[in-house]
Amino acid sequence: MELVLAPIDERITAVRTAEAEKARRRPPQEPPQWWIEYGIGARRTPERAHTGLCPMTGRGRPATAQSVRELLLTAPDVLACPLCRPDSQLGLLDR
C-alpha cells in the first residue's frame, strides 16, 4: 500500500510547494478602504462602520465610502467606530 501512496504524497508535496511559492511572489492584497461590521445571529444586521485599516474590525464585509456614509446617516443603530472614526473621515461631523 505504501508503494502506491508514496508517489501521490510526493506529488501533493510538490503541488503545495509550488502554490506556496506563487503566493510568496504575489503582492499582498490591499485592504479595503471601508468596512461594515455585522452582528451575530440569524439577522446579522450592521452594527459598526470602520475604516479599512482599523484594528477593531471583526466579522464583516468590505464596503464603499458611499455605503458607509448612507448607513451612518440612515441607520440609527449603526455606530461609527470610536477608534478609527469613519464618520470624521467621511466629513459627517462637519455638518
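**Strand β1 and its surroundings**

Strand β1 is joined to strand β2 (residues 46-51) by five bridges, and the two strands run antiparallel. In this predicted model, the register of that pairing is marked by Tyr38, whose bridge partner in β2 is Pro46. Strand β1 also pairs with strand β3 (residues 60-63), again in the antiparallel sense, and here the pairing extends over four bridges. Within β3, Arg61 is the bridge partner of Ile36.

The burial of β1 was examined next. Five of the five residues of this strand (residues 34-38) are buried, so β1 is largely enclosed by the rest of the structure. In a regular strand the side chains alternate between the two faces of the sheet. In β1 both faces are covered, since Trp34, Ile36 and Tyr38 are buried on one side, and Trp35 and Glu37 are buried on the other.

Arg61, the partner of Ile36 in the bridging between β1 and β3, is also placed against an aromatic side chain of β1: the charged end of Arg61 sits over the ring of Tyr38, at 4.5 Å from the centre of that ring. A search of the whole structure for aromatic pairs, by contrast, returns zero.

A separate site is formed around Asp87, which is found in helix α3 (residues 86-89). Asp87 has a relative accessible area of 11% and is therefore classed as buried, the limit being under 20%. The side chain of Asp87 makes a polar contact of 2.8 Å with the side chain of Arg85. When residues up to four places away in sequence are not counted, Asp87 touches Leu72, Ala80, Leu92 and Leu93.

Technical notes:
Residues are numbered from 1 along each chain as its sequence is written. This is a predicted model: local features need pLDDT of at least 70, side-chain atom pairs count only at pLDDT 80 or more; totals for chains, interfaces and linings use all residues. Side-chain values use heavy atoms; hydrogens and water are left out. Buried means under 20% relative accessible area, exposed over 50%, partly exposed in between (1.4 Å probe, protein chains only). A polar contact is a pair of N or O atoms within 3.5 Å; within protein, one must be able to donate a hydrogen and the other to accept it, and residues adjacent in sequence count only if both atoms are side-chain atoms. Contact means heavy atoms within 4.5 Å. Rings of Phe, Tyr and Trp (its six-membered ring) pair if their centres lie within 6.5 Å; planes under 30 degrees apart count as stacked, over 60 as edge-to-face and the rest as tilted. A charge sits over a ring if NZ of Lys or CZ of Arg is within 6 Å of the ring centre and within 35 degrees of the ring normal. Two strands pair if DSSP finds at least two bridges between them.
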